[in-house]
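This report goes through selected features of the structure shown below. It takes the nucleic acid contacts and then turns to the protein chain itself.

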Amino acid sequence: MDRERGVEPLLADLTEPQRAAVLHVEGPLLILAAAGSGKTRVITRRIVRLLGVGVRPWQVLALTFTNKAAGEMRERVERLLEEHEVGGGVGGGWGGERVARALTITTFHSLCARLLRRHAERARIPGLKPDYSIYDSADQQSLVKKVITGLNLSTSNWPARTVLSVISNAKNDLLDASGFAARASDFRGRQISAIYTAYEGALHRANAVDFDDLLLLTARILKERGEIRAECQNRWRYLLIDEYQDTNRAQFQIAAMLAGGGAWNAAPERGVSNPNICVVGDPDQSIYGWRGADLSNIMDFEQAFPGAAVIKLGENFRSTAPILAVADGLIKRNKQRRDKPLFTARAGGDKVRVVLCRDEHHEASLIVEHFRSRHEGAEGEGGARLCSEEHSRGTEQPGRGTPWRSMAVFYRTNALSRVLEDAFRGAGVPYTIARGTAFFDREEIKNALAYLKVVANPADDVSLERIVNTPTRGLGNTSLAAIQVWASDQGEPLLEGLRSAGGIPGLTRAAQGAAGKFVEMLDGWTGAGSFLGSTVPSGLAELVQRVVEDSGLEGHYTRQAAKSQSEQDAERLDNLGELISSAAEFEREFAPERDPGSDVPVEVGEVAEGESSAPSVQSQSLPDTSPGRGGGDEDDAFGEFAPSPMPPLLQLLRAYLESVALVADADAVDPAQGAVTLMTLHAAKGLEFDTVAIVGLEEGLLPHSRAAESEADLEEERRLCFVGITRAMRSLTMCSARYRTNRGIAERTISSRFLEEFDPAQVSTTNLADDSDISGDRDWDEEDGEAADVSRAGRRAAETAVKSQFPPGCLVRHPQFGIGEVVSVESGAAPRATVRFKQAGTKTLILEYARLTRVG
DNA sequence: TACGATCCTTTTTTT
DNA sequence: AAGGATCGTA
């Protein structure tokens with residue numbers, strides 16, 4: 001077993017089930033990995049082991065949900081390769097970095113984006129050319145609004161958000177517009193179906209796709225185009241999917257078809273009998289049901305892939321016993337669950353702290369102080385160093401005190417970050433907010449990017465509309481409307497209308513001139529679409545700089561800053577500068593060979609069936625040699641393998657825009673920085689911190705009020721809480737505030753039912769919410785004490801009772817406002833009524849505290 | 001046509 | 001509290 005010589009270090013420190021997972025090579029495998037069970041360690045080692053037995057790096061496809069997870073996986077594989085020189089010949093000569101780069105480790109969405117670019121033309125999907133734009137949710141929203149008004153519907157009856165979420169769910173379920181139409185039976189369904197159809201039409205005309213299309217269209221191509229499917233199956237022989245519990249139907253289809261097996265098709269003509277698909281997940285950490293994640297993917301994996309091996313990783317290596325016990329006690333309350341106790345061999349550790357505080361400011365300052373004392377080493381020292389690869393990397397300060405970067409605060413909604421931020425800033429404690437998208441969401445950045453999107457895709461009407469008069473250049477709504485009418489009559493994109501502005505009736509001289517100048521500016525950047533000529537920027541950063549300057553954005557914000565003297569406007573200029581830097585950095589690091597859609601290297605047809613092929617591997621080219629080579633597929637019916645030749649600048653620009661479109665919030669978590677991380681519970685998945693605080697354990701917040709309707713939603717909230725808890729290694733604090741300011745109104749809260757579900761023996765509760773400290777209108781909250789003490793069941797019963805007590809239209813008396821008529825009643829954690837008072841006007845009151853009496 | 005003031009509604013998580 | 005929409009004025 002010569003080639004297995006290198007496997008020893010890979011198995012060191014592993015438990016039996018972990019070893020079994022690392023050693024699995026052929027056939028479907030399901031790894032049920034409980035929180036903190038060393039999942040990442042197992043899958044990275046398994047990848048290295050595969051390479052050790054002769055699998056070529058480009059035959060490995062690993063799919064994650066965030067770029068950060070993908071980057072980390074690649075980095076850890078690389079480190080393992082370098083440390084162990086596993087498999088001798090395979091790692092040797094190439095260096096870990098080169099091998100790691102040849103692996104395809106990416107997100108579902110990035111993979112799909114690349115496959116679509118590559119195959120769009122071949123697959124002849126209507127409205128999809130390789131220079132397509134990816135619309136973010138703001139783009140989607142403005143497009144769907146336009147569509148709704150275009151159908152003579154009102155956006156108040158058909159809110160864009162709601163409609164889009166229905167469409168999104170449909171797409172995640174692989175229902176395109178016609179599929180949806182076939183199912184729509186009631187009025188609402190038919191209307192939405194009409195909007196869906198029109199929205200799709202608008203996307204096609206703009207040569208654009210939304211996030212869900214990336215998956216839907218890829219699934220469609222793989223299903224309908226056998227030759228494309230075969231090509232992918234030939235290239236990627238070993239498929240690995242992380243966080244499998246969060247995959248939706250579309251992702252399942254894609255995975256099954258890439259693997260070449262599974263129940264994706266009754267008669268898979270190219271089906272592989274024993275597909276090498278390895279999925280890793282934990283049903284208890286499924287927190288994306290609301291965006292289509294389908295738990296049955298993981299629950300029924302063995303049915304979908306008969307003969308699948310199942311390995312359970314149950315032992316927790318991350319958290320202390322009390323933290324684990326609290327997590328276990330909580331998750332046990334879920335009924336839709338296969339019981340699977342969490343356990344650790346380790347004993348000891350501090351109790352979990354539950355703190356009841358007065359309000360969000362109190363809460364924030366308590367956390368800051370707690371973190372500070374841990375940072376200074378005053379508490380929590382002396383515990384055994386926990387075994388975790390991420391944190392044993394040697395960067396930990398020796399001796400005492402938890403570094404800032406090992407601490408984090410989690411919250412249910414982004415809105416809660418503000419107060420925390422102020423508190424950390426005020427106390428001089430370094431912090432970062434994990435919002436990867438924040439930068440690209442700024443107005444000035446979105447404007448600059450919209451110019452770039454129009455450069456990349458001249459049919460992108462949504463982006464063009466955004467910037468055609470930003471900054472103002474004399475093309476107001478009236479002129480634009482005329483051009484738009486012309487364009488849609490001609491079936492041309494808006495930009496064509498601008499080009500032909502001279503011939504459009506009803507346009508003023510000034511508007512025609514402005515349109516002409518705009519088109520001229522754009523053509524200057526693109527060489528009129530040729531990307532050739534002296535006016536065309538030579539690189540991406542230069543293009544971005546030209547856009548920022550020539551478009552007038554820079555001048556516009558400079559003037560604004562000078563005029564208003566405000567900090568904010570000066571910041572906008574800085575941000576535009578930062579955008580140019582980000583483009584420069586992207587340009588420097590851009591590696592077309594990393595494109596998962598790029599060429600398959602030579603010798604596509606053969607795998608190392610257990611036979612060591614190390615010597616020949618070295619002579620093969622990695623996919624980074626030349627992007628256009630045809631490899632062994634001469635007889636490919638479609639001839640040229642690479643997409644039609646594209647100007648390098650355009651290629652770079654597209655890749656840049658794509659990377660910008662696909663950033664996730666979690667991507668912004670950078671533990672290298674010495675700062676406390678603030679993030680949502682959703683973004684926290686997959687991470688771990690020594691010290692964790694979770695804020696807002698209140699009814700309506702966690703569990704969130706929007707999840708109050710169904711038991712399934714409630715269980716997902718519980719899993720979300722579970723995910724937060726299990727991130728903590730040694731110290732966990734959970735806070736519940738008695739009052740919280742919601743949208744400008746301070747409201748009495750009810751502490752979360754989850755607090756009552758923790759194992760009391762493992763928790764130490766501190767009540768700092770001294771009611772007597774709270775002055776305020778006693779008329780309004782006199783009953784607080786009683787209300788807070790009502791048992792959960794009683795509380796919920798009271799809620800429904802109080803709601804039916806005040807049907808709309810009834811007359812009520814309020815101690816302060818007098819007689820009024822109930823307009824509407826809202827349910828939720830804090831039921832409230834809108835009441836039109838005879839004297840005091842219309843008010844919205846929280847029923848629980850308003851002391852309304854019914855008088856008729 | 002552009003900008004500002006005012007009124008109104010909003011109410012989660014994210015690739 | 002904050003963003004969006006609408007309306008009125010320069």
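## Around DNA strand C

In this predicted model, DNA strand C has Lys-145, Arg-418 and Arg-743 around it. For Arg-418 a specific atom pair can be given: an N or O atom of the Arg-418 side chain is 3.3 Å from a phosphate oxygen of DNA strand C.

## Around DNA strand B

DNA strand B is surrounded by 24 residues, and the ones that come nearest are Arg-412, Thr-478, Ser-479, Ala-664 and Arg-743. Arg-743 is also one of the residues around DNA strand C. Sorted by class, the surface near DNA strand B has six nonpolar, 12 polar and six charged residues.

Which parts of DNA strand B lie within 4 Å of the protein? Of the strand atoms within that distance, 54% belong to sugar or phosphate, and the rest belong to bases. Side chains reach both kinds of site. The side chain of His-109 has an N or O atom 3.1 Å from a base oxygen of DNA strand B. Thr-680, in contrast, places a side-chain N or O atom 2.9 Å from a phosphate oxygen of the strand. For Asn-469, the distance from a side-chain N or O atom to a phosphate oxygen of DNA strand B is 3.4 Å.

## Cis peptide bonds and a positive phi

Most residues other than glycine have a negative phi, and most peptide bonds are trans. The model has some exceptions, described here.

The bond that joins Thr-470 and Pro-471 is cis, with omega about -5°. Pro-471 sits in the loop between α21 (461-467) and α22 (477-490). Another cis peptide bond runs from Leu-702 to Pro-703, where omega is near 5°. The loop that holds Pro-703 lies between β13 (689-694) and α31 (711-725).

Ala-528 is an exception of the other kind: its phi is near 50°, a positive value in a residue that is not glycine. Ala-528 belongs to the loop between α24 (509-526) and α25 (540-550).

## Helices α24 and α25

Two packed helices are described by the angle between their axes and the distance between the axes. How are the helices on either side of the Ala-528 loop arranged? The axes of α24 and α25 are 11 Å apart and make an angle of about 165°. Angles over 145 degrees count as roughly antiparallel, and α24 and α25 are therefore roughly antiparallel to each other. Their crossing is right-handed.

On the α24 side, the residues in contact are Met-521, Gly-524 and Trp-525, and they meet Leu-543, Arg-546, Val-547 and Asp-550 in α25. This contact has four nonpolar, one polar and two charged residues.

## Helices α7 and α10

Helix α7 (residues 137-150) packs against helix α10 (residues 187-205) at an angle of about 120°, and their axes are 9 Å apart. The two helices are therefore oblique to each other. The crossing in which α7 passes α10 is right-handed.

In α7 the contact is formed by Gln-140, Leu-143, Val-144, Val-147 and Ile-148; their partners in α10 are Ile-195, Ala-198, Tyr-199, Ala-202 and Leu-203. By class, the residues of this contact are nine nonpolar, one polar and no charged.

## Helices α11 and α13

Helix α11 (residues 211-224) and helix α13 (residues 249-259) have axes 9 Å apart and pack at an angle of about 35°. Here α11 passes α13 in a left-handed crossing.

Leu-215, Thr-218, Ala-219, Leu-222 and Lys-223 of α11 meet six residues of α13, namely Ala-250, Gln-251, Gln-253, Ile-254, Met-257 and Leu-258. The contact of α11 with α13 has seven nonpolar, three polar and one charged residues.

## Trp-486

Which residues does Trp-486 touch, leaving aside those up to four places away in sequence? Trp-486 is part of helix α22, and the residues in question are Glu-496, Gly-497, Ser-500 and Ile-504. Ser-500 is 14 residues from Trp-486 along the chain, and the C-alpha atoms of the two are separated by 9.3 Å.

Notes
Residues numbered from 1 in each chain as written. Chains lettered and ligands numbered in written order. Predicted model: local features only at pLDDT ≥ 70, side-chain atom pairs only at ≥ 80, totals over all residues. Heavy atoms only, no water. Near = heavy atom within 4 Å. Polar contact = N/O pair within 3.5 Å; in protein donor to acceptor, adjacent residues only side chain to side chain. Nonpolar A, V, L, I, M, F, W, Y, C, P; charged D, E, K, R; others polar. Axes fitted to C-alpha atoms, helices over the stretch in contact; angles between N-to-C directions. Helix = DSSP H or I, 4+ residues; strand = E, 2+ residues; numbered from the N terminus. Parallel < 35°, antiparallel > 145°, perpendicular 65-115°, else oblique. Left-handed = near helix turned anticlockwise from the far one by under 90°. Contact = heavy atoms within 4.5 Å.
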